[in-house]
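Subject: Handing over a structure, with notes on what was found

Dear colleague,

I am passing on the structure below, together with some notes that may help you find your way around it. Please have the model open as you read.

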Amino acid sequence: MAPEVNPLRPHTLFSFGTLLDERVQTSLFGRAVPSTPASLAGHTTRPLPITDPAVIATSGLDVHLTLARKHGSAVEGAVLHLTDDDLAAADAYEVDDYVRRRVLLSSGESAWAYLDAKPLRPAARIVIVGDSIAYGRCDPDGGWAARLAATHIAANETDHRVFNLAVPGSTLRDVSAQTPALLAPRLPDTLLVAAGINDSALPLTGPAPEDWLTDIAASLRALAATALSHNARLVVAGPTWVDESRTHAYEGLRFTQDRALALRAFLRDWCADHHVDHLDVWEPLRDNAGLLVDGLHPTAEGHQALHRHLYALGR
């Protein structure tokens, strides 16, 4: 059963560092705030140099700690019980290297925590789900996902893993239905959802669905809940650029840049509103028709461009 929410302090924030310091709390919130001991499983910490003079002045430290993923480890700390104003003050205190995301505590309760702003940098075990572009179609070397796996595992062969579970033809609705049964054996700490172009497709015959963005929102909510239930961080990537002049009809569907751009904007805004990471992969292929085989699927060189872009954004 979920704990009762104090209407006066509706937010719970897990902290393991300077926010536990009463002097920092008094500076930020005007008082010490209520807290309870808590633990965050599947994590460890690493140092993060701080350059913001205001943050250094408040904390008295020029090196803070940030969370990184490590299966079998746990970080001890406390849950702070905050008001709306307190949470806004905490957000303002944290430098741009951090973002606020939901985590699952060892107790089974969820809370906010400040994580590395680069969502793939602290990751160890990544599950990729999506469609044919994530699957690596048209690239004998396995596409951007295989390249991401190679660089990620090379960084730490002992602890790092990547599982590409993408299925060609999938939409986000398909992915949200398929994913829950796939995660437990992989012990993921990061769920990378490649939101492909299939979600923007129009039928060749009949009216276009009017509620398609509502359906996408429902799928994203389901994926967020699935990720959180496994203490994994949800990262949404996509869509890629579409060469509308070459897509024509494809398996009973047609693809337009207007719909793809609408999907791109929706994903960006939904992720921002729900504190979920979004990696925008539109630009690497934009206006470069030579990087697409058929207007939709990247060539091997296109996958290389996507990998470089994703890696830079995520790490």
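Which residue in S7 is the bridge partner of Ile 128? The partner is Asn 164, and since you are new to this structure, I should say at once that the model is a predicted one.

The sheet

That pair belongs to the link between strand S6, residues 125-129, and S7, two strands that run parallel and are joined by four bridges. They are part of an open sheet of five strands, which pair in parallel and follow the order S7-S6-S8-S10-S13. At its edges lie strand S7 (161-164) and strand S13 (277-279), each of which pairs on one side only, and from one strand to the next the twist averages 20°.

Helices across the sheet

Two helices that lie across these strands may be worth finding next. Helix H5, made of residues 143-155, lies across S6, S7 and strand S8 (190-194), and its direction is at about 165° to S7. Helix H8, residues 212-229, lies across S8 and strand S10 (233-237), and runs at about 145° to S10.

The nonpolar cores

In soluble globular proteins, nonpolar side chains tend to be buried together. Here the largest nonpolar core has 32 residues, of which Ile 126, Ile 128, Trp 144 and Leu 192 touch the most other members. Two or more residues come from each of S6, helix H4 (132-135), H5, S8, S10 and helix H11 (300-314), and the largest share, four residues, is given by H5. A second core, separate from this one, has 23 residues, among them Ala 217, Ala 232, Val 236 and Cys 271.

Returning to Ile 128, and leaving aside residues up to four places away in sequence, its contacts include Trp 144, Ala 145 and Leu 148, as well as Val 162, Phe 163 and Leu 192; its bridge partner Asn 164 is also touched.

A buried threonine

Finally, is Thr 247, which has its place in helix H9 (residues 244-247), buried or exposed? Its relative accessibility is 6%, and because buried means under 20%, Thr 247 counts as buried. The side chain of Thr 247 reaches the backbone oxygen of Phe 255 at 3.3 Å. Not counting residues up to four places away in sequence, Thr 247 touches Phe 255 together with Val 242, Asp 294, Gly 295 and Leu 296.

With best wishes

Notes: Residues numbered from 1 in each chain as written. Predicted model: local features only at pLDDT ≥ 70, side-chain atom pairs only at ≥ 80, totals over all residues. Heavy atoms only, no water. Pairing = 2+ DSSP bridges. Axes fitted to C-alpha atoms, helices over the stretch in contact; angles between N-to-C directions. Contact = heavy atoms within 4.5 Å. Buried < 20%, exposed > 50% of the residue type's maximum accessible area, 1.4 Å probe, protein only. Polar contact = N/O pair within 3.5 Å; in protein donor to acceptor, adjacent residues only side chain to side chain. Core = buried A, V, L, I, M, F, W, Y, C linked by side-chain atoms within 4.5 Å.
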